[in-house]
Amino acid sequence: MIYFLDIMLIALTASLINNFVLYYFVGICPFVGVSRKVEMAFGMGCAVTFVISIAALISWTITTMVLIPGAPLSSFIAGFFLPEEAAGKIDLTVLSYIVYIFAIASSVQFVEMYVRKFFPLLYRSFGVFLPLITTNCAILFACLTIMSHIVGVDNPADAWDIGRSMTLAFFGGVGFTIAIVIMSGIREELEICDIPEPFQGAAITLIIGGILALAFMGFTGVDSGIRDTIMPAPTEQNLTMAPLQAEILAQSDF
């Protein structure tokens, strides 16, 4: 029950409450550059969702198997050269940025080849922005967030598993898709509007992005409300009555 609740809250938080674009303001380059048409924006959102999911899977695997102290693969290799105790303390997390960038670049290359082969019109509409997914900081942000929940936890039992990590990555991509599709729908309407010259182009786009960010702030607190509703915090009265109820049940005939 607790695990399912965590998965649900991670999905809700990544897609709506703490939207990568409208809350953390990462991935602004494709958000502004590829949001002129709904079809193009939806295609970019799907591409980013796929890349961020694959990159998160690769990053989580490498982090848990190689980078963190006591990782099986790094400890096994280091065991040939160092004592067992020293081999288990090797920390390679300093290489995380390099590893994650390589994982993202390889995922983007696969997506680019697939889209160019099967969706040539969509590939031409993306232009330079499809290769720029490699430098989309939203993907790197997701990988680093997953790493922070693996390496930066006090209790190893609280470290994120593959389920939580993939949920954050996939629904972070879904949140990116929601944001960019909403923006593209608004920008299509702006083409028939009389916009003052100083606000034309990127200026009005960023202003609308700020308004959308304010609108999405309305979801703040939904996750804590759901958690408190499903798993209410124990009150002082409940803590006092719990031993008495246990004693009554122990003395009953049922």
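# A guided tour of four salt bridges and their surroundings

The count of salt bridges in this predicted model comes to four, a salt bridge being a side-chain nitrogen of Lys or Arg within 4 Å of a carboxyl oxygen of Asp or Glu. Residues are numbered from 1 along each chain as its sequence is written, and side-chain values use heavy atoms, with hydrogens and water left out. Because this is a predicted model, local features need pLDDT of at least 70 and side-chain atom pairs count only at pLDDT 80 or more, while totals for chains, interfaces and linings use all residues.

**First stop: D6 and its partners**

Select D6 and R164, which form a salt bridge whose closest N and O atoms are 3.2 Å apart. The pair links distant parts of the chain, with D6 in helix α1 and R164 in helix α9, 158 residues apart; helices here are DSSP runs (H or I, at least four residues), numbered from the N terminus. Both D6 and R164 are buried, where buried means under 20% relative accessible area, exposed means over 50%, and partly exposed lies in between (1.4 Å probe, protein chains only).

Keep D6 selected and add R227, with which D6 forms a salt bridge at 3.4 Å between the closest N and O atoms. This pair also joins distant parts of the chain, since D6 lies in helix α1 and R227 in helix α11 (residues 222-230), 221 residues apart. D6 counts as buried because its relative accessibility is 16%, whereas R227 counts as partly exposed because its value is 34%.

**Second stop: K37 and E191**

Next select K37 and E191, a salt bridge with its closest N and O atoms 3.7 Å apart. K37 sits in the loop between α2 and α3 and E191 in the loop between α9 and α10, 154 residues apart. Is E191 buried or exposed? At 54% relative accessibility, E191 counts as exposed, while K37, at 38%, is partly exposed. Returning to the earlier pairs, add D161 to the selection: salt bridges that share partners join D6, D161, R164 and R227 into one network.

**Third stop: the nonpolar core**

Now select F20, L22, F31, M44, I133, I139 and L168, which touch the most other members among the 52 residues of the largest nonpolar core. A nonpolar core is a set of buried Ala, Val, Leu, Ile, Met, Phe, Trp, Tyr and Cys residues joined through side-chain atoms within 4.5 Å. Helices that each supply at least two residues of this core include α1 (2-17), α3 (38-67) and α6 (96-118), and the largest share, eleven residues, comes from α3.

**Fourth stop: a patch on the surface**

Select M65, L73, F76, I77, F80, F81 and L82, which make a nonpolar surface patch of about 770 Å². Such patches are made of residues with over 30% relative accessible area and no salt bridge, with like charges joined within 9 Å and nonpolar side chains (Val, Leu, Ile, Met, Phe, Trp, Tyr) within 5 Å. Helix α4 (residues 72-78) gives the largest share of the patch, three residues. F81 lies in the loop between α4 and α5 (84-87), and F81 is exposed, with a relative accessible area of 69%.

**Last stop: the whole chain**

Finally, show the whole chain, which has twelve helices and zero strands. The mean pLDDT is 82, pLDDT being the predictor's confidence in each residue, from 0 to 100. Helix α12 (residues 236-251) has the lowest mean pLDDT among the elements, 47, and helix α9 (residues 162-190) the highest, 91.

How values were computed:
Accessible areas come from the Shrake-Rupley method with a 1.4 Å probe; for residues, only the protein chains shown count as cover.
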